[in-house]
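Subject: Structure handover and notes

Dear colleague,

I am handing over the structure we spoke about, and I would be grateful if you could open it before reading any further. My notes come after it.

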Amino acid sequence: MLNLTPEEKRAALFLLIIAFCGITLNNLVKLNCGAKKLFCPQVSLARINLNKISLEELVKTRCLPLKASQRVIAYRQQQGNFSSLEELKKVKGIGEKRYEKLKEIFFVE
Amino acid sequence: MKGLFVSAAIFYCLGILLVNYIRVSFWLVAGLGAVVFTAACLNFRQSRIFTVLVFLLALLFGALNMKNAFTLPRCHIRNLVHYNNKGSYSLSGYVDSQPVIKGKHSSFIFRAEELQADNFKWLCCGKVLVKLDFPEDLNYGDSLTLKGSFSRPYISSFSSRSYRDYLSRQGIFLLMHIENSLQVIPREAKSGSRLIAFSLWLRAELEQIIRRYLPDLPSAVLSAMVLGQKTTIPWLVNDYMVKSGTVHILVVSGFNVGIVAFITNLLLKIIRIRRKTRIILVIACLLIYCFITGASNPVIRATVMGVVFLSGYLLKREADVYGCLACAALFILIINPRQLFDVGFQLSFASVLAIVYLYPKIKSFLRLNKCKSKVLRFISESCLVSLCAWLGTMGIIAYNFRIVTPVTVLANILIVPLATLITLSGFSLVLCGYFCPFLGGAFSTTAAMLITLLLNINAAMIKIPGAYFYF
């Protein structure tokens, strides 16, 4: 009737299978909250844990100069783990501007 | 005829390179051009000499265009201001890009029209990158008067790639830093292209659809893959993808352009539009998609290739892939010859060229056609495409980013098919979310699951010993 090419038929099939999978997954999540992990990526995939990063790794990120990185690690060793990212502002050399950038790269757990 | 565009593009690029490394006067090149043109006219009937002269003319045209790109008009804003943060200026013009808001900061490209300082006024032209220390609700085309001082982009001490060079290739030589919202005075008039304004409005709408259906991280990844909006991609995700050599999936490429052409063609076919009209409408949609995605080099390349290919149907001529590629290169470089030195441009063309040239050769060398198992043949062909793209771009990546990523081939075998599925389901989501929102949920879950899987695989890939190394 429409004279669909094989590619167009494949596209129609693809759309249907995607929608079918989506509805099945949706149902799975409704029945089992644990399944949410399947499509909610962990925070660690998008940000670095500030309480676990080593000095070497911090320097490698190139987000901070060497001295500031050393101060961050020293602060963590002296005061214990960071309880919030805001605490970064207490480290010498990290002002409001730098904090705004670091906020997008790190998280605290 | 087939090799005409390819040869012209090669000679044109040679001309650009020549002028970039050798100092010659603009008028000398122009004079030479006039001589060669006259000679070509005189030898019109002598085929060989004529062809040589035409290619020489293409080389001189490239050189001349590059020289012209270096010359700024007298009224260019760079020639009118002191850029050492001295003095306060009042600059009128309009917003020439979609403003990017990141946290408490926003930035946009501003097209200058009038400059005022110490009771003097000048009509001016040129672009300025404006950085605001506060989020401001602005749109493309908004007319403004900005008050502040100018500075030049910095030169990085970390790498050989300078931010100043990067911006100058886009025609931006000055930065304007604004700390206070009182320094931004809106004017009533609207400026800029209506087509771009419409495309940007559409992009914002589509982005909203993606954000409505997906969590933060998957929506950021999908926006990059479908709409070319990379501003919300977390730094770590980008970094991981650079290290695994799969960052190209975050860039809108020929594949996306192909999908747009396919979907538009299918929809128009369903409503029984005639073939010629359909092709013209598909070309129009490709152009709008090009603007939606920010008209970056890979998108322009893919769009021009698509348009040339489709025009082949209209003109009843067979379009070959090298010719399309050469047309795309010429199109970009005639508008801005400095793009030849842009890494994005080099990577985009090198990867396509490597796949087009190397893939059939290696495939016939390895005799993959004789493989009887379809699955095995599909896997080995996928590996080969990744390998060719990697071989084509490895040198440029190593030179510019000082990183070698042996894991690329393996990572791409796993990630590219996933990215293909994500892009397809992303387009389905965007279309369904726009036209029948109640169906969007069915597509979003699949897309989110595939994105999560992709991010996990990517994170695992770079943990393989020797996956990447900087030098």
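What follows is a short account of what was found, going from the contact between the chains to a single residue.

Please keep in mind throughout that this is a predicted model.

The two chains

A good place to begin is helix α1 of chain A, which runs over residues 6–31 and so has 26 residues. From its first C-alpha to its last, α1(A) reaches 38 Å, close to the 38 Å expected at 1.5 Å a residue. Its buried residues are A:I18, A:G22 and A:L25, and what covers them includes two helices of the other chain, α14 (408–435) and α15 (440–461) of chain B.

Looking at the contact as a whole, 24 residues come from chain A and 27 residues from chain B. On the side of chain B that touches chain A, at least two residues are supplied by each of α6 (216–227), α7 (235–244), α8 (254–270), α14 and α15, and it is α15(B) that gives the most, with twelve residues. By character, that side of chain B consists of 16 nonpolar residues, ten polar and one charged.

A pair of helices in chain B

Within chain B, helix α2 (residues 26–42) packs against helix α3 (residues 47–70) at an angle of about 160 degrees, and their axes are 9 Å apart. Because angles over 145 degrees count as roughly antiparallel, α2(B) is described as roughly antiparallel to α3(B). Their crossing is left-handed. Among the residues that meet here are B:F26, B:V29 and B:F37 from α2(B), and B:F50, B:L53 and B:K67 from α3(B); the residues of this contact divide into 17 nonpolar, one polar and one charged.

A helix with many neighbours to look at

Helix α11 of chain B (residues 321–335) has 15 residues, which should span 21 Å at 1.5 Å a residue, and this agrees with the 22 Å between its end C-alpha atoms. The buried residues of α11(B) include B:G323, B:C324, B:I332 and B:L333, and among the elements that cover the buried residues are α1 (4–21), α10 (297–314) and α12 (343–366) of chain B.

One residue

Finally, B:I196 lies in helix α5 (residues 194–213) of chain B, and it counts as partly exposed because it has 18 C-beta neighbours inside 10 Å, whereas a buried residue would need 20 or more. Leaving out residues up to four places away in sequence, B:I196 touches B:Y140 and B:F291. Its C-alpha atom is separated by 9.7 Å from that of B:Q98, although the two residues are 98 residues apart along the chain.

With best wishes

Methods:
Residues numbered from 1 in each chain as written. Chains lettered and ligands numbered in written order. Predicted model: local features only at pLDDT ≥ 70, side-chain atom pairs only at ≥ 80, totals over all residues. Helix = DSSP H or I, 4+ residues; strand = E, 2+ residues; numbered from the N terminus. Expected span 1.5 Å × (residues − 1). Buried ≥ 20, exposed ≤ 12 C-beta atoms within 10 Å, placed from the backbone. Contact = placed C-beta atoms within 7 Å. Nonpolar A, V, L, I, M, F, W, Y, C, P; charged D, E, K, R; others polar. Axes fitted to C-alpha atoms, helices over the stretch in contact; angles between N-to-C directions. Parallel < 35°, antiparallel > 145°, perpendicular 65-115°, else oblique. Left-handed = near helix turned anticlockwise from the far one by under 90°.
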